[in-house]
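Hello! Here are my notes on the model, point by point, for you to read beside the coordinates.

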Amino acid sequence: MAAVRTRRFAQVDVFSAEPVRGNPVAVVVDGDGLDQEEMQRFASWTNLSETTFLLPPADPAADYRVRIFTVDGELPFAGHPTLGSAHAWLEAGGRPRAAGEVVQECAAGLVRVRHEDDRWAFAAPPLTRYEPVDAVTLARAAAALRLDPADVVDASWLVNGPEWIGILLGSADAVLAVRPDGAVLDGLFVGLVGPVPAGADDTPAFEVRGLMGTGQEDPVTGSLNAGLARWLVDTGRAPDRYVAAQGTVLGRAGRVHVRVDGDDIWVGGRTTTVVTGTVGL
C-alpha cells in the first residue's frame with residue numbers, strides 16, 4: 001500500500017449549463033503512485049457513477065493518462081469522466097502539447113478533447129460492437145422496461161466501453177414514462193432515446209435515459225450519447241448536429257451537444273467545478 005499523501009482533487013459537474021444539474025465526476029488530479037486496489041476503494045467510497053485518476057501519459061502523443069472507475073469496477077472509456085477530467089487537468093495547470101486540443105490516454109486508446117463554444121467535447125471512440133440486438137436479449141430488456149415489444153421502434157448494441165443497448169421509442173414522452181424493473185434489468189445497460197416534437201430552436205431533438213445494469217439511472221451519459229449519435233445519424237434519424245436532453249426524470253438539466261465532422265462524432269457539454277481541494281490517499 002502506498003504511503004498516504006495529500007493529492008489535488010476536484011468534483012466537476014458535466015453536461016449542464018446549470019451547476020449541480022448535470023452529472024458529477026470525482027477527479028484525483030495527482031493519481032500517480034496509487035495501485036488499482038486503492039483507486040477502486042476510493043471510487044467506491046465517493047459513491048459517484050465514476051471517479052477518475054490522472055497520471056503521467058505512457059503514450060508520447062498524450063497529454064495525460066486517465067483511469068476511470070465506477071463503484072465496482074474499471075472502465076476503458078466513459079464520456080462525462082473524459083470531459084470532467086480534461087476540465088480538471090487544465091484548471092490544475094495542465095498544458096496541452098497542441099494548442100486548442102487535449103489528448104487523453106485511456107484503456108480504450110487516445111481520445112481527443114476540445115474546448116469550443118464554451119463547452120468541452122470529445123471525439124467519440126469507435127464502437128467495438130455495433131449490431132442488432134438478438135431477440136432473446138431484446139425481449140428481456142423490454143420486460144425490464146415494462147414495454148410491449150411493439151413499442152420498440154429499433155434496437156442496437158452500442159459498445160464503446162460500457163456495453164450499452166440502444167432502444168429507440170416513438171417519442172420523448174414514451175422515454176420519460178418508462179419505469180424500469182431493476183431486478184429484471186440485472187446486468188443490462190440500456191439507453192433509451194425518443195424524438196422530441198419540433199419546437200423552438202433551443203428545444204432538444206431527443207430525450208435520452210441511461211439505465212444501468214446495477215438498477216440505477218445515470219443522470220447524463222457521454223458514452224451512451226456517443227453511441228446513440230453514431231446509430232441515429234447512420235440510420236438517418238438525426239441530423240449532423242443536434243442537442244439531446246438527459247436526466248429529466250431525475251430533476252437534472254443535462255444537455256448533450258452532438259456534432260458530426262467527417263468521420264468523427266464530437267460529443268460535448270458544459271463543465272463546472274463544484275468542489276475543489278485535496279484528499280489524503
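1. Let me begin with the overall layout. The protein divides into domain 1 (6-125 + 269-280) and domain 2 (129-260), with the bounds taken from an automatic or database domain assignment. Their contact (heavy atoms within 4.5 Å) draws on 22 residues from domain 1 and 19 residues from domain 2. Between the C-alpha centres of domain 1 and domain 2 there are 24 Å.

2. A word on provenance. This is a predicted model, in which local features need pLDDT of at least 70 and side-chain atom pairs count only at pLDDT 80 or more, while totals for chains, interfaces and linings use all residues. Residues are numbered from 1 along each chain as its sequence is written, and side-chain values use heavy atoms, with hydrogens and water left out.

3. Now the fold as a whole. The protein has 6 helices and 17 strands; these are DSSP runs numbered from the N terminus, with helices being H or I of at least four residues and strands E of at least two. Its radius of gyration, taken over C-alpha atoms, is 18 Å, close to the 19 Å that the globule rule gives for 281 residues, so the protein is as compact as a globular protein of that length. The rule in question is 2.2 Å times the number of residues to the power 0.38. Along the principal axes, the C-alpha trace spans about 55 × 40 × 30 Å.

4. On packing, buried residues make up 52% of the 281 residues. Here buried means under 20% relative accessible area, exposed over 50%, and partly exposed in between, using a 1.4 Å probe and protein chains only. Of the contacts between residues at least 6 apart in sequence, 63% join residues at least 24 apart.

5. Where does the largest pocket lie? Domain 1 and domain 2 both give residues to its lining, so the largest pocket lies between them. It holds about 510 Å³ of space. A pocket here is an open set of points on a 1 Å grid over the protein atoms alone, where a 1.4 Å probe fits, with protein on both sides within 12 Å along at least five of seven lines; lining residues have an atom within 4 Å of a point. Grid points are joined across faces, edges and corners, and a volume is the space filled by probe spheres set on the points.

6. Please look at the walls of that largest pocket. Its lining has 29 residues, and L48, S49, M212, Q216 and D218 are the closest to the centre. Helix 2 (79-91) is among the elements that supply at least two residues each, as are strand 2 (23-28), strand 5 (74-75), strand 13 (217-218) and helix 6 (222-234). The largest share, 3 residues, comes from helix 2. By class the lining has 11 nonpolar, 12 polar and 6 charged residues, where Ala, Val, Leu, Ile, Met, Phe, Trp, Tyr, Cys and Pro are nonpolar, Asp, Glu, Lys and Arg are charged, and the others, Gly among them, are polar.

7. The second largest pocket has a volume of about 170 Å³. It also lies between the domains, because domain 1 and domain 2 both give residues to its lining. There are 13 lining residues, with R119, R241, H257, V258 and R259 nearest the centre. They divide into 6 nonpolar, 2 polar and 5 charged. Strand 8 (119-123), strand 14 (241-246), strand 15 (254-261) and strand 16 (264-269) each supply at least two of them.

8. Helix 2 deserves a second look for G84. This glycine is buried, with a relative accessible area of 0%. Leaving aside neighbours within four places in sequence, G84 is in contact with V12, V14, V25 and V27.

9. P96 sits in the loop between helix 2 and strand 6 (101-106), and counts as partly exposed at 29% relative accessibility. Beyond residues up to four places away in sequence, P96 touches D63, W89, L90, E101 and V102.

10. Finally, two backbone angles to check. V20, in the loop between strand 1 (6-14) and strand 2, has a phi near 65°, a positive value in a residue other than glycine. D118, in the loop between strand 7 (109-116) and strand 8, likewise has a positive phi near 65°. V20 is exposed, with a relative accessible area of 57%, and D118 is exposed with a value of 57%.
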